[in-house]
Amino acid sequence: LSVISAEAVSPYFRNKSRKPDWPAFESRVGNEYGELGYEAVWGSRMMYALVKHDWRDFGISFQQYYKTAIARSSYPIENLSYQVFEHIDDSEILKSAAEAMHWKVNQRDNSPPFGRYDPVRLDVYANILYKLGHRVEALGWQQKAAEISDWSDSEIQDHLEKMKAGLPTWSTQH
């Protein structure tokens with residue numbers, strides 16, 4: 001992917017005033033580099049939309065990108081999934097974020113201080129599940145996040161209390 005980025009993606013964005021023609025760019029890079037080319041374009045489009053706060057395009061790009069890139073993505077899955085959680089209401093895109101976070105949560109990470117599970121990852125995963133309506137499963141993961149953080153993370157605790165009360169944990173104003 002770094003070769004594709006250096007040879008095709010970065011040069012395309014050198015002209016800062018150009019508004020990307022995503023279909024043409026995708027076609028050109030995809031035809032030249034195959035699946036990884038398409039993936040590189042979708043990742044670039046996702047990040048471009050994030051910077052522009054174009055949440056509709058961000059969600060669509062996120063969903064497309066993580067269909068194939070999940071195991072090799074250099075983008076921070078939990079941060080991007082949190083943006084989906086905060087700004088997207090489309091259940092199919094939320095399901096994509098839940099799948100990405102499920103994969104991320106289950107990666108072996110034995111580094112200190114938390115060991116296998118990172119409470120922030122669990123919080124993001126639980127919140128996405130909760131927004132999708134999977135309340136019982138979400139509460140279980142959120143409880144685990146609170147326990148792993150030794151009940152010291154006020155945001156995780158706030159999310160847990162809201163989930164228990166059946167209240168939204170996300171901003172209802174987009």
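I began with helix H1, whose buried residues (buried meaning under 20% relative accessible area with a 1.4 Å probe, protein chains only) pack against helix H2 (22–33) and helix H3 (35–52), where helices are DSSP runs of H or I of at least four residues, numbered from the N terminus. This is a predicted model, in which local features need pLDDT of at least 70 and side-chain atom pairs count only at pLDDT 80 or more, while totals for chains, interfaces and linings use all residues. I kept in mind that residues are numbered from 1 along each chain as its sequence is written, and that side-chain values use heavy atoms, with hydrogens and water left out.

I then looked up which residues of H1 (residues 2–12) are buried, and found Ile4, Ala8, Val9 and Tyr12. Seen down the axis of H1, these residues fall within an arc of 85° (taken from the directions from the helix axis to the C-beta atoms), so they line one face of the helix. On the other side of H1, I noted Ser2 and Glu7 as exposed, which is to say over 50% relative accessible area.

Next I turned to Lys104, which lies in helix H6 (residues 91–105). Lys104 is buried yet has no salt bridge, and the nearest side chain of opposite charge, Glu78, is 4.3 Å away; a salt bridge here is a side-chain nitrogen of Lys or Arg within 4 Å of a carboxyl oxygen of Asp or Glu. Leaving aside neighbours within four places in sequence, I found Lys104 in contact (heavy atoms within 4.5 Å) with Ile77, Glu78 and Arg121.

Finally I recorded that the protein chain has nine helices and zero strands, and that 43% of its 174 residues count as buried.

Methods. Helix = DSSP H or I, 4+ residues; strand = E, 2+ residues; numbered from the N terminus. Lys, Arg positive; Asp, Glu negative; His and termini not counted.
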